[in-house]
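Here are my notes on this one, written for somebody meeting it for the first time. Have a look at the picture, then read on.

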Amino acid sequence: MTNSKTDIQTTTSRKKEAVVLEQPYIELYEQNEETIHIHSASALNHGRRKAFEKFKELGFPTPRVEIYKYTDLREPLGVDYGLNIKRMNFPVNPYNVFKCDVPGISAYLYFVVNDAFYPMENRKSHPLPEGVIIISLRKASEDYPELVEKYISKLAEKHVDGMIAFNGAFAQDGFFIYVPKNVVLDRPIQIVNIMRSDVDFMANSHNLVIVEQGAKAQVLVCDHTVDDVRFFSNRVTEVFVGENAFYEHYKLENVSRKTTEVSTLLIAQEQNSNVLGNILTLHNGITRNNIEIDLDGENCETYLTGMTLSDGRQVVDNYTSILHNQPNSHSNEKFKYILDEESKGGFTGRLFVAKDAQKTLAYQNNKNILLNHTAKMRTKPQLEIYADDVKCSHGATIGQLDEKAMFYMRQRGISEKEARMLLMYAFTADVIDNIRIDALKDRIKILVEKRLRGELSKCEGCSIC
Amino acid sequence: MSDEILYEVTQNEYKYGFTTDIETEIIPPGINEDVIRLISKKKNEPEWLLDFRLKAYRHWTTMEMPDWAYLKIPPIDYQAISYFAAPRKNAPKSLDEVDPELLKTFEKLGIPLEEQKILSGMAVDAVMDSVSVKTTFRENLAELGIIFCSFSEAVQEHPDLVQKYMATVVPYADNYFAALNSAVFSDGSFVYIPKGVRCPMELSTYFRINAANTGQFERTLIIAEEGSYVSYLEGCTAPMRDENQLHAAIVEIVVMKDAEVKYSTVQNWYPGDKDGSGGVYNFVTKRGICKGENSRLSWTQVETGSAITWKYPSCILLGDNSSAEFYSVAVTNNHQQADTGTKMIHIGKNTSSHILSKGISAGVSNNSYRGLVKINPKAENARNFSQCDSMLLGDKCGAHTFPYMEVNNDTAIVEHEATTSKISEDQIFYCNQRGIDTETAVGLIVNGYAKEVLNKLPMEFAVEAQKLLQITLEGSVG
């Protein structure tokens, strides 16, 4: 090649730009490697050095990285965050700061403050069924090392990117959920992530969920912030769903405008398993959800839905990737966005059908409404198909509320505001209908309605944000 | 059974593969400033054009080959390519003076330059390698003020027009291959339709790559002045080659107020043999700008050839109420790779665009649709509808879609839908039941699938396109 000299120049200049952001973290790691190790769940230490090397190689993703094209994390990553690598306890009583209850859900309730899991040992009201384990990953690596070792980081290594590698280098703890064979949890597990700090703070956590053969679990993860400082959370959750198992994952985000969240959900499904993912974003600063679902067995069913209501300067980017690695599976994906003011939405829906994954049915749908001149939407539904006997489709629309429907309602004496509200509410209905926990469904309905009415200007119940 | 048919017909060798022995003037392979000066001198170009070429070359040396496309491109040695080849006996004044060998080539291709074309009412500007060989109907068109000539002639005879519009739609720094083309472009077509003139015939050019080891770098410029109309056809077939041939063309279209341009392509370059060796690399930058109000631009392409296709005919909708269309059928077979689609950039108010893409993959090929619909903040009431369908014939090929939608205006309505499927057994059964054998049935179904796009082609072309589609598909299933 004639331009080898210039090649080198451009790559170095590109690296230079990146190194500025990564440098403090690289130094932090190199100086404190031992401290990180000592205070970490031992299971996370094995791959730590490797993840760090990978992070040094990849750096933080910039919009030049194709899959991060619509998420620019450079600004939030430039902030000088504190990291709690010595695992100091934050003086907080989760019950005091947590008021976002879902009435009637009567879930198994757990808290994660920043990145520390709060154990609920003296739970009397609903004891967990026998064999079910819900503890911190650190404790799990001590008590059940074999179980943890069998699964930990398997998916993270497979789908590694800059943020996952960063998480691998710095994450020290997280929650651990284990539902043994044929155990059906009768009520959902609710994990509440609370961000609490007096200085700008970054939390890295690595969570592990194992749902064994024939078991059933519903997990609701809520994100909240209670302080008005800048937060950055980078969470990796690995979920292993066994044969004939049912797993539902709900993620409800209601955080302050100063929060940046990168949340990676990695799910591996085995034969005949059924997974529902529902990603709801109501309030946030910058959010990037990476969802990768591997269908590693035949006859899997996957439903992935999501909804975003945004205004102000919210940024929500959902990157989803469903990999049909085996035949006869079915996936259905549906994401809806309503964007107002200067908010930005991004959606990538990757559907991958491997060579031998015949008889795959995969549908994908992304619908978006822009309410304002300054709102922006970027969508990229993407099909990659290597098998011929498949039915795959995707659709994406960006538009406004239906004028005819508006006219119809106005004609019947419904005020414009009310009519708009009704239409938007109806627009989100089919995502809400996918929620299989009734109490949660009702709660989301109320939250969405309030949000659309402009009444939910801040996350209800939280004291400061 | 379909496997058998598949095997049988993939044995078909490329029907249009042959070379003609014409003395060709080739300058030594390699690219540097001297080569560019030499090309420019050989073509007797004015100073500004040489400067443009050198500027483009210097920029090109700072660029890297793009790697974002869903393609596996073997490394290309740009120093091993010869950048200029011209048939020696050029500039004939009548058909009798045209090299008989060359005429034979065209006859074999079914493109008789003589009476048939006159009867069919087409003016043909045939480009063999790099220099325009023969232009018919020039005089007829000239009466209307239409300029239809080779690019080099335009540089000599209408330098002001060329200078005014060249590189306004595709600047030399646009992308890697556009920069390369800007530096070494050899020839191409130039069309100028004056104000208010409706071009009475379909303008047509056939490009051929003939001499071994010469990349062809055409540059086409079409200008449609206010209220004018033109339909332009471009068709390609290339002879059989063992070595890969690089093709990096630029097409620029400027559409003024109330004007309409229809651009149709049938591309059937040598796709390589069934083991994937040889074949043309087709890295093309095509872009049009709807500059004035109510202007209209339509791209129609039938892509059946080339080992690797990297091509995104695009429209910039600058004028208010302008509209653009993109119709595409892309067929890949054996080891072919195609990453093709369009870009619709909405800037003006009330602009609309329509994208219809049909991909068919067979053998072990990969066929990707990649498209961008971008609505700028000031593009009020923009409207887009995109549909891209893929059909898979065989279980070793891949079909992919990468549609990008970037909407920055709330009054826009952008819709996209895509499906991927194979030919249903029901359909084949239905045909079989009525005495149509499977092979014909598959051909029928595929042709029906592509019909929507083929219908957009001008009549003369539609026939050829259908034939081409059939040939390529015969090589796969039907």
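The points below go from the contact between the chains to a few local spots.

1. Some housekeeping. This is a predicted model, so to speak of local features we ask for pLDDT of at least 70, and side-chain atom pairs count only at pLDDT 80 or more, while totals for chains, interfaces and linings use all residues. Residues are numbered from 1 along each chain as its sequence is written, with chains lettered from A and ligands numbered from 1 in the order in which they are written.

2. The contact between the chains. Chain A puts in 36 residues and chain B 36 residues; two residues are in contact if their C-beta atoms, placed from the backbone, lie within 7 Å. On the side of chain A that touches chain B, helix 1 (4-38), strand 19 (376-385) and strand 20 (391-399) each supply at least two residues. Strand 19 of chain A gives the largest share, 10 residues. (Helices, H or I with at least four residues, and strands, E with at least two, are DSSP runs numbered from the N terminus.)

3. A strand pairing across the chains. Strand 20 of chain A and strand 24 (residues 413-421) of chain B run antiparallel, joined by seven bridges; two strands pair if DSSP finds at least two bridges between them. A:H394 sits opposite B:A418, and A:G395 has B:E417 as its bridge partner.

4. The other partner of that strand. Within chain B, strand 24 is also joined to strand 22 (residues 383-393) by nine bridges, and these two run parallel. Here B:F385 has B:E415 as its bridge partner.

5. Which residues of strand 24 of chain B are buried? B:V414, B:H416, B:A418 and B:T420 point to one face and are buried, whereas B:I413, B:E415, B:E417, B:T419 and B:S421 point to the other and are not. Buried is 20 or more other C-beta atoms within 10 Å of the residue's own, exposed is 12 or fewer, and partly exposed is in between, with C-beta atoms placed from the backbone.

6. A bare helix. Helix 10 (residues 403-411) of chain A is hardly covered, with zero buried residues among its nine. Just after this helix, A:G413 takes a positive phi of about 80°.

7. A loop residue. B:I27 lies between strand 1 (24-26) and helix 2 (33-42) of chain B. B:I27 counts as partly exposed because 16 other C-beta atoms lie within 10 Å. Leaving aside neighbours within four places in sequence, B:I27 is in contact with B:V35, B:L38, B:S82, B:Y83 and B:F84.
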